[in-house]
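Open your viewer and get ready to click along. We will go from stop to stop, selecting a few residues each time.

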Amino acid sequence: MDDKKKHQRRGPKPKGALLPAGVGPDGKPRFQARVRLADGTKSTRFDLPENLTEEQARGYVQFIQDKEVEGRGLLERKKAEAVQEAKEKALANEDEDPDAWFERYHPTLRVGAGWKRITRTAWRKWISPVLMAKKKPMRKVDKNDIEDVRDKLDKAIDAKELLFGTAENYWSVVTKLCKEAHAAKDRSLRVHEHLDRPICDGVKPPHSGPSKQRPWLYPNEWLKLVACVVVPIIWRALYAIMLYTGLRPNELRALKWKDVDFEARTITVSKAFDTETKTIQKTKTVASHRTIPIHPFLLPLLVALRGEGPNQRDPEELVMPLMALDEDVFAPTFRDHLRMAGIKRARLFEATQTEEPIDFRSCRDTNATWQALGQVPDRVIQRRLGHVSFTTTLGYIKVAEMFDIDMVGKPFPELPKAMFEVPWHLLMPESKNGNWTRNWTTKDKNPGFIRGSSVARVGFEPTTFGL
């Protein structure tokens, strides 16, 4: 039995309301009306044609009311207008479609820029096509719909269109948004609040398999890279800071000298660069906000970079303005520099179903693995790296258990003393926002800066300073 028949049998025939609306220029009365909609609400006021007597106006209203009972045109128009308004103003609406709900949900994510991109990719390519095809409002999406998303991921895995690890990430997005739809902190996102549990509960995940392994540098390989005079010294300094601190790239991009405490020999990590808004924001999680010790072998490099006396950098300046380069530059440049240093281990450069090639962020992975190799306590590693979950830390510990220091080298070796003798104040112009790179990184203005040397700029021989 449909809703219309139930409504018709429930009671007397619904009647519209006739409302006086003053008189016209001709002195004749004018009328407005409202009719009862099928959902029990009333329509907005609407004007009746002019020159109707009260009796004619009542008949006209009843005609509109009967048409509404039969076709529900006003109710459907009301719903469409509400949905459109909700989309334009990013407001909750019981009839909003999944895409509209997601556009309200995505900005509330308290995660890094990388995971935000993964979330949007998962939604656009794997989740939205399934849910939108159902032509349901988000509040009516159910367990079967989520299983259809899972089945789509399984088919992609079987067809080798998706790696196991990627599918696992996308499934994490699915379960996260289901939980938010049920009990989000933002109450306007709770479209499944009436249910006992999130709709993903009890749904089995996609096929599992080996995830891609993150590569890391052996200490012996790092010594070759950091001592290679063909690699620009400013890049070697950047790699050293990343590797010996274990910061995330966007955390280093926001790091200023005021965050470095030379007396306590610590670095406070409280901010990160947001690649979506292009601004420096607070760290996304409580675990990411942390204070880490400065490694004794890194300390002299930081002292040299900061400078002394009249050459001392301003506390508001970025520690490493080079980080203002486009993020796509770092991975290929890092791999080029490894090859220039004679590091040719195939594992670092090949991409397979289970392995990723090395990139700039691998300096952080190397730090984590080296700490484990050096027998740093598990929970200390977790806190220093800012991992929310210990499972993440455990992955590095398991990798380190397979290696012998005598074979790969002692973790965190001493840096070349030549790096501390460089006149860094000539290489690191004053910058509070990193914009100096626009004058230093183009091939026309300084072709040797990225891949070669800066000899022409500062007038020092590479054999002396490794520039």
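Here is a short tour of this predicted model, with a selection to make at each stop.

**Stop 1: a helix and its ends**

Select residues 143-158, which make up helix α6. How many Å should its 16 residues span at 1.5 Å a residue? The expected span is 22 Å, and the end C-alpha atoms are 23 Å apart, so the two agree.

Now show D142 and N144. At the start of α6, an oxygen in the side chain of D142 comes to within 3.2 Å of the backbone nitrogen of N144. Then move to K160, just after α6, where phi is positive at about 60°.

**Stop 2: the hidden side of the helix**

Colour D145, I146, V149, R150, L153, D154, A156 and I157: these are the buried residues of α6. What covers them? Add residues 113-133 (α5) and 164-183 (α7), since the cover includes both of these helices.

Before leaving, click on K135 in the loop between α5 and α6. K135 is not a glycine, yet its phi is positive, about 55°. Is K135 buried or exposed? Its relative accessibility is 78%, and over 50% means exposed, so K135 counts as exposed.

**Stop 3: the nonpolar cores**

In soluble globular proteins, nonpolar side chains tend to be buried together. Select W222, L225, W235, L238, L301, L302 and W424, which have the most contacts inside the largest nonpolar core, a set of 68 residues. Next, highlight residues 233-245: this is helix α9, which gives the most to this core, with 11 residues.

Zoom in on L301. Setting aside neighbours within four places in sequence, L301 is in contact with A237, A240, L415, M419, F420 and W424. A second core, separate from this one, has 32 residues, including W101, A122, A167 and A181.

**Stop 4: strands and a turn**

Select residues 271-274 (β6) and 279-282 (β7), two strands that pair in the antiparallel sense over 4 bridges. Which residue of β7 stands opposite A272? Show Q281 to see the partner of A272. The two strands form a hairpin with 4 residues between them, and K278 in the turn has a positive phi of about 60°.

For a last click, choose R265, in the loop between β4 (260-261) and β5 (266-269). R265 also has a positive phi, about 60°, although it is not a glycine. With a relative accessibility of 47%, R265 counts as partly exposed.

Conventions:
Residues are numbered from 1 along each chain as its sequence is written. This is a predicted model: local features need pLDDT of at least 70, side-chain atom pairs count only at pLDDT 80 or more; totals for chains, interfaces and linings use all residues. Side-chain values use heavy atoms; hydrogens and water are left out. The expected span of a helix is 1.5 Å times one less than its number of residues. Buried means under 20% relative accessible area, exposed over 50%, partly exposed in between (1.4 Å probe, protein chains only). Contact means heavy atoms within 4.5 Å. A polar contact is a pair of N or O atoms within 3.5 Å; within protein, one must be able to donate a hydrogen and the other to accept it, and residues adjacent in sequence count only if both atoms are side-chain atoms. A nonpolar core is a set of buried Ala, Val, Leu, Ile, Met, Phe, Trp, Tyr and Cys residues joined through side-chain atoms within 4.5 Å. Two strands pair if DSSP finds at least two bridges between them.
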